Amino acid sequence: MFETIDPRSATPLYAQIASRLRIAIAAGELRPGAALPSVRHLAAQLRMNPATVVQAYRDLEDEGFVEMRQGAGTFVREVAPEGRARERARQASVLVRQMLADAGRLGVSLSELQAAIAQEIGVETS
Amino acid sequence: MMNAIETDQLHYRAAKTFHISGLGLKVPVGAIYGFLGPNGSGKTTTIRLVLGLLRPLAGRISVLGHEIPRDAPSILAQVGFVPEQPHLDSILTVRETLAFHAAFYPTWDWPWAERLLRQFDLEERQPFGRLSKGQKGKVMMLLALAQRPELLVLDEPTDGLDPVVRRDVLSALLDYVSQRRASVFISSHLIHELERFCDWIGVMDNGRLITQVPMERFKNGIKRLRISGAPPIPESLPFVLLGREQTDGATETWLVREWEPQMSAYFDRPGVTLTEVMDLDLEEGFVELLRTFRGPRA
């Protein structure tokens, strides 16, 4: 889940961790009641500052995705289907924004992009 | 006590050509402080001063709220130190080395030392001198951690180790830091390694501390801008211009510090376009900082 975290990216590490977990929750990969790895375990595993992991978990708690129970750990909360759909829509915009930024840098026009998307989807479903 | 390590106006002279001047280090309690600088910039000398192994010409040093070198003997029991070069007896076995070390530290934690021995896959009957470089590196980190220090001072602890050993050693360090809110002062050449876990950065050059900031500010503040139709003599800049060069024709590349997103408004003027704002990672920022500090290019 955390393989793609990039310390060199301009996106802060805590935001990268939170984003990976949010996607896993929205996709149902992490079910309600599931425990997140302990701060200590995740910090050692990713060789990151424990404060970074705590900040990621706090952000997820503020957004209602998880619940931090004193002494017990951090657990995924029951997220309403609309909440998960909203998160998926948000991730979709993130993907599109990234693609548009890359396309802009390469000088790919919107119609070329649309043609490529149509072609990819065609290949997928045929 | 606000700072685990603090120096004020520290001066030291090793030879006619090398001196440390006006050093003001501040390592906040609980911070993981990355200490960067090119070879010969004074990192190891600074570490030796902080630990009371060298006497300063002038200035004040405090470690965990105690004055150095006066209180060094008592305070060093709470400091885990990994020196650049191993300083251990090569004839003693790993087990004997641990026992020898344990005798000096009242806070030594045997169960944890045993666990680290297994975790690091160390053969305890091997003489220290016969260990590979990677195994020596693991023993050094084990010794520093098993004494359960409040402060860890690590001088290039992963230098020359292979990536697998580096990962094991740093995981153990971060595991310890999570258990106990210890402060860490770590020097390293492996900038990308520090980028993962340091929350403070200090940069040395030629015996001086040229930068000391929270990591986030260091990383966010330095940008490379690409501008077409750049104004010839920039006036009232909201950021600090470190350097500029003509890329091709009407396009210029600027290197800036203290950049914030809303500052792109500065380029909203006729004939000027800000085409790109590029992020620099820690290594690029570090290299650019040294380059501009040593004299901006024309």
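Okay, let's start with one residue: Arg47(A) is found in the loop between helix H2 (39–46) and H3 of chain A, where helices (H or I, at least four residues) and strands (E, at least two) are DSSP runs, numbered from the N terminus. Phi of Arg47(A) is near 50°, a positive value in a residue that isn't glycine. Most residues other than glycine have a negative phi, and most peptide bonds are trans.

Chain B has something for the second half of that remark. A cis peptide bond joins Ile68(B) and Pro69(B), with omega about 5°. Pro69(B) sits in the loop between strand E6 (66–68) and helix H2 (72–75) of chain B.

Quick housekeeping. This is a predicted model, so local features need pLDDT of at least 70 and side-chain atom pairs count only at pLDDT 80 or more, while totals for chains, interfaces and linings use all residues. Residues are numbered from 1 along each chain as its sequence is written, chains are lettered from A and ligands numbered from 1 in the order in which they are written, and side-chain values use heavy atoms, with hydrogens and water left out.

How confident is the predictor? For the complex, the predictor gives an ipTM of 0.76 and a pTM of 0.82. Per residue we have pLDDT, the predictor's confidence in each residue, from 0 to 100. Chain B averages 90, and 98% of the residues score at least 70. For chain A the mean is 87, with 97% of its residues at 70 or more. Among the elements of chain A, H3(A) has the highest mean pLDDT, 95, and helix H5 (residues 110–125) the lowest, 79. Where pLDDT is low, the predicted coordinates should not be read in detail.

Now chain A by itself. Chain A is divided into domain 1 (13–76) and domain 2 (81–121), with bounds that come from an automatic or database domain assignment. Taken over C-alpha atoms, the centres of those two domains are 27 Å apart. The contact (heavy atoms within 4.5 Å) takes 7 residues from domain 1 of chain A and 5 residues from domain 2 of chain A.

How much area is buried between domain 1 and domain 2 of chain A? About 520 Å², of which carbon and sulfur atoms give 54%; buried area here is the accessible area (1.4 Å probe) that two parts lose on being put together, summed over both. On the domain 1 side, Arg22(A), Ile23(A) and Ala26(A) lose the most, together 65% of what that side buries. The rule finds 0 salt bridges across this interface, a salt bridge being a side-chain nitrogen of Lys or Arg within 4 Å of a carboxyl oxygen of Asp or Glu.

Arg22(A) does have a partner, though: Glu63(A) forms a salt bridge with Arg22(A), the closest N and O atoms being 2.8 Å apart. Glu63(A) lies in the loop between helix H3 (50–62) and strand E1 (66–69) of chain A and Arg22(A) in helix H1 (residues 13–26) of chain A, so the pair ties together parts that are 41 residues apart in sequence.

Chain B is split as well, into domain 1 (3–217) and domain 2 (223–279). Their centres, over C-alpha atoms, are 40 Å apart.

Last topic: where the chains meet. The contact takes 20 residues from chain B and 14 residues from chain A. Chain B and chain A bury about 1,700 Å² between them, 49% of it on carbon and sulfur atoms. Leu174(B), Ser178(B) and Arg196(B) supply 35% of the area that chain B buries against chain A, more than any other three residues.

How many salt bridges are there between chain B and chain A? The count is 3, against 18 over all chains in the structure. Asp281(B), for instance, forms a salt bridge with Arg8(A), with the closest N and O atoms 2.7 Å apart. Four elements of chain B each supply at least two residues of the side that touches chain A: helix H6 (163–179), helix H7 (191–197), helix H8 (215–221) and strand E15 (273–279). H6(B) gives the largest share of that side, 8 residues.
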